[in-house]
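The following exercises concern helix packing, strand pairing and backbone geometry. Each task is followed by a solution in steps.

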Amino acid sequence: MNWKRLDRIVAACVFVYALALYVMTVAPTASFWDAGEFIAIAHGLQVSHPPGAPFYMLVGRLFSMFVPQAYISLAVNMVSVLASALTILLTYWIIVRLVQEWQGKPEEWTTAQRITAITGGVVGACTFAVTDSFWFNAVEAEVYALSMFFTAAVIWLIMRWSDQARHEEAMLKGGQHPFGLKANRYLVLIAYLFGLAIGVHLLNLLALFFIAYIFFFVEFDRDEWTERGTPDWMSGKRWVGIIVTFFVASAAFLLIYPGIIQKLPVLAGQTEWPLLVLFGVLGLVVFGVYYSQRNRLQVVNLVALSVLMVLIGYSTYALIFIRSASNPPIDENDPETTEAIISYLAREQYGNTPLLTGPAFDDRTNTVTNREKSLPRRYSPQPSHWRYYAQYDSDWEFFWQYQIGHMYVRYFLWNFSGKESDIQDSRAITGFRFIDGEYEHFLQTPSEKASRNMYFAIPLLLGLLGMMFHFSRDWRRAFSVLILFLMTGVGIILYLNQTPMQPRERDYSYVASFFAFSLWVGLGATGVLQLILESMQEKVAPAAQRAVLLGLGVLLFLAVPGWMAVENYDDHDRSGRYVAPDYAYNMLMSLEDDAVVFTNGDNDTFPLWYLQEVEGIRRDVRVVNLSLLNTPWYVRQLKNQASRESEPLPISLPENAIDQLSLMEWRPQTIPLPVDKNQLLGASEVYVAQEDVGKIQSPMQWTLRGRPFGRDPNTGQDINVLYGADFAALDILRTNAAQGWTRPIYFAVTVSPDGQLDLQNFFQLEGQAFRVVPIEHNEPLGRVVPSLTPERLRGFKFTNLADPAVYYDENIRRMVDNYRNVFAQTAVKLSEVGKNQEAIALLDTLMENVPFETIPGDERSFLFMARAYQTAGANERVVNTMQKAEPLVLHRLATARTQSEEEYIAEFVQMIRGTYILARDYDAAAAFENRLAETLGDPSRKTPEDLRRDFEGIQETAPPPDTTTTSEATPQEG
């Protein structure tokens, strides 16, 4: 079989393998984080968060146009599936082409050499296919999969260019100018792909440095630079060229970003005719192409053509501004005016982070000061971050230990060594206990156990071997891959200058770096086979050589990508997940008609947008994201624009006040809201049960204390503040009250206490949201209306949450666990009004649909459920619930590191013990006592009879333990 046919067959097999893998594990609907937003904006051609993804939006729209509504989300998810499978195909071809650089033309290879090259390509590509971070992006609607495809595409194209350019120059015997080669059409195509990729994600641009070095080594490197008797990599002239190439690549990078992407719109916006300026720049570039072509200015022509193609690709951004002008429901940053467009492209919404110089944390004052500092690494306006910064002696230490070590090296090892769990901040592991030590996290459910992946560092070792082998055989291409690896890893770290306490793991940002290392994993497999082939060359017959190489190739595949696929499959399989849309449905169906609901961030907002915009559910509800509410454009949008079936919100702030919304110091004060009882009991949308009419407060008054913001360094007094979002939310409450409480106003249960405006004593629990009602109470989880709240809960969806075969990550487990608090609080209130059977049935429904065996709980979750059952008189279920809590409580006791942790968990130990004794289940009590003694290293043991005698002996002289009261401990206290 000729080489081309064999190569294509193997490449097709690699593509089909990756495609099948991703199709089997793709999410059937929206996921948490950005996926819900991207599906909604793609399907409706709306405006996503800055800096936008117009080309991704167009591709997603194309995929969703021809499918029924029920499959729209799956269709948009398939964009990532197809892009990822194509990336793996290109990865295979890139590795094989890297092997060609030292092994010569494939047509001249022996069968053994073909085996070594193909094995490397297959092992490297299939390894990257199943790496933790890449697989995560491959099966949901996110921009990173398509961005990675563009990165792989431009790298493959520059390798194609290098082949064609050298062939063409050989044919022309060096008489052709390097900038006038026909092969340079690949460079023009690369420039166009860069332009398109800008409309997906900016990470692709970092491949420019790899391209620059390939171009340098092909066109400018000279054999005569090598001094006699020294390796060619030690040539001083060559290193001057390498350094110059880096600066040229940096200049090209800066021309595109921030030059074309950010500065060009800014310069145009500073004139009276911005569109004329933009068309003028485009005209100048076109003229440059024409003039240089006519006058045979080859360098100028290639540069002008490349800039023109970047601009043409970048033109997809026009879609953002055209669609924003039509005021779609999702219209983030409202980029219609020149100023808004500039702000959108510059990501001003997220603030500025100093890079080369700027303010930084001062160890003397333990705050961020205005004193300028070079390379500031510890910068943030948040006092909570300052406490974290104080743990490091310098910016340099923070950079190496946190930004490099924790936020990059840890992720890198996750992908090639192993991962302890999916709990945030989990460390990397190898699978060898003598290296890893004791594992920190207690894994109870199948999902938790699936999240621990161990590769025994074999992919890491193979990749390091591949890097060394690559440098030994072809240091020029190896150096280029190293630059790609560093720029897409450490380079991003330097640019992002990340703050601590990130809301989620950020490993998805460095996938291109993991791609570069996967190339070395493949070359490591090739290297192993080639070294063995060289050792057998004179000793073993060719047929035996081929057999050995094939056997070793299969072994390498099974040991690296094969084993990684087995380890990673269960925790990357999203085929049964419907949690995000179910969670959104449950929240939306908790609300009255025409409601306004305040949400916290991405996870409780984007799924709601998805349901409203894609599935058309509850379009009468207006979702108000408190994070976005800090921005003037969003407040104006809510005030002036309708959204589907929802009218503009009651906002009375004038324009100048909206512009001035910002963080301000706040002194606690009483806030009144007008309440007309007659109107409230008439046509108002505020639900008040008949038995609660006498509890209505008129006017409604409460003390708004504000958010804690540290202490004044001079006086030592506590400082409280309100954010712009707080002022805006307060205005919505006031204006709505002044208009007769015409729109029901809710806070999602996911909103943090700091963002609830101290209204907790006026919250009415109605499912997954708290309604603000002018009835004061003292219920920590909101007052329950027996005639309303249970009815809302009965309509909840819990698709597949009881299925142990479906993987639920930590974020999902944490959010779903919140259901238990809501159901338990409701059940307790039902029992208090004598509806014990209804309370038990409600709890049983939750336990059946969301069992602890699939969705684990923390100590408080077990306690809430047990207490709810106990209040309803279901003692058998109380014991059963506490028995499920035992392993977690004992583990927490055994691993407690501080006295406060021991005291905290000791409370739960006493509750479990007291529950068993009160229920007179002495068998369960004795079993727990003995497990507790074993945990504490106590040799004594108890029998059920011992506990019965002990209890009966003290029953008449001491009150029994009360498990119905305990401190309302927060997770932080734990």
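**Exercise 1. Two helices in contact**

Determine which residues of helix 2 meet which residues of helix 25, and characterise the packing.

*Solution.* The model is a predicted one.

Step 1. On the side of helix 2, the residues in contact are Gly36, Glu37, Ile39, Ala40 and His43, and they meet Phe606, Trp609, Tyr610 and Glu613 of helix 25.

Step 2. Sorted by class, the contact of helix 2 with helix 25 comprises five nonpolar, two polar and two charged residues.

Step 3. Helix 2 spans residues 35-44 and helix 25 spans residues 606-613; their axes come within 7 Å and cross at roughly 30°. Because angles under 35 degrees count as roughly parallel, helix 2 is roughly parallel to helix 25.

Step 4. The crossing of helix 2 and helix 25 is left-handed.

**Exercise 2. A second helix pair and one of its residues**

Describe the packing of helix 4 on helix 5, and then the surroundings of alanine 117.

*Solution.*

Step 1. Helix 4 covers residues 72-103 and helix 5 covers residues 111-129; the two pack at an angle of about 145°, and their axes are 8 Å apart. The crossing of helix 4 and helix 5 is right-handed.

Step 2. Helix 4 contributes Thr87, Ile88, Thr91, Tyr92, Ile95, Val96, Val99 and Gln103 to the contact. The residues of helix 5 in the contact include Gln113, Ala117, Gly120, Gly121, Gly124 and Phe128.

Step 3. By class, this contact of helix 4 with helix 5 has 11 nonpolar, eight polar and no charged residues.

Step 4. Alanine 117 belongs to helix 5. Its relative accessible area is 0%, so alanine 117 is buried.

Step 5. With neighbours within four places in sequence left aside, alanine 117 is in contact with Val96, Val99, Gln103, Trp109 and Thr526. By contrast, alanine 117 and leucine 203 are 86 residues apart in sequence and 29 Å apart in space, C-alpha to C-alpha.

**Exercise 3. The partners and faces of strand 12**

Establish how strand 12 pairs with strand 5 and with strand 14, and decide whether the faces of strand 12 are covered or open.

*Solution.*

Step 1. Strand 5 (residues 596-599) runs parallel to strand 12, and three bridges join them. Phenylalanine 598 stands opposite phenylalanine 747 of strand 12.

Step 2. Strand 14 (residues 769-772) pairs with strand 12 in the antiparallel sense, again over three bridges. Here tyrosine 746 stands opposite arginine 771 of strand 14.

Step 3. In a regular strand, side chains alternate between the two faces of the sheet. In strand 12 (residues 745-748), Ile745 and Phe747 lie on one side, and Tyr746 and Ala748 lie on the other. These residues are all buried, and both faces of strand 12 are thus covered.

**Exercise 4. An open sheet**

State the strand order of the open sheet of three strands, and identify its edge strands.

*Solution.*

Step 1. The order is 7-11-10, with antiparallel pairing.

Step 2. Strand 7 (664-665) and strand 10 (707-711) are the edge strands, since each pairs on one side only.

Step 3. Strand 7 pairs with strand 11 (residues 718-722) over two bridges in the antiparallel sense. The bridge partner of glutamate 665 is valine 721 in strand 11.

**Exercise 5. Backbone exceptions**

Locate two cis peptide bonds and two residues other than glycine with positive phi.

*Solution.*

Step 1. As background, most residues other than glycine have a negative phi, and most peptide bonds are trans.

Step 2. Proline 50 and proline 51 are joined by a cis peptide bond with omega about 0°. Proline 51 is in the loop between helix 2 and helix 3 (54-64).

Step 3. Another cis peptide bond joins tyrosine 257 and proline 258, with omega about 15°. Proline 258 is found in helix 10 (residues 236-269).

Step 4. Phenylalanine 456 has a positive phi, near 60°, and lies in the loop between strand 4 (453-454) and helix 19 (458-473). With a relative accessible area of 29%, phenylalanine 456 is partly exposed.

Step 5. Leucine 757 has a positive phi, near 55°, and lies in the loop between strand 12 and strand 13 (763-765). Its relative accessibility is 3%, so leucine 757 counts as buried.

Note on methods: Residues are numbered from 1 along each chain as its sequence is written. This is a predicted model: local features need pLDDT of at least 70, side-chain atom pairs count only at pLDDT 80 or more; totals for chains, interfaces and linings use all residues. Side-chain values use heavy atoms; hydrogens and water are left out. Axes are lines fitted to C-alpha atoms, for helices over the stretch in contact, and angles run from 0 to 180 degrees between N-to-C directions. Helices (H or I, at least four residues) and strands (E, at least two) are DSSP runs, numbered from the N terminus. Angles under 35 degrees count as roughly parallel, over 145 as roughly antiparallel, 65 to 115 as roughly perpendicular and the rest as oblique. A crossing is left-handed if the near helix is turned anticlockwise from the far one by less than a right angle, and right-handed if clockwise. Contact means heavy atoms within 4.5 Å. Ala, Val, Leu, Ile, Met, Phe, Trp, Tyr, Cys and Pro count as nonpolar, Asp, Glu, Lys and Arg as charged, and the others, Gly among them, as polar. Buried means under 20% relative accessible area, exposed over 50%, partly exposed in between (1.4 Å probe, protein chains only). Two strands pair if DSSP finds at least two bridges between them.
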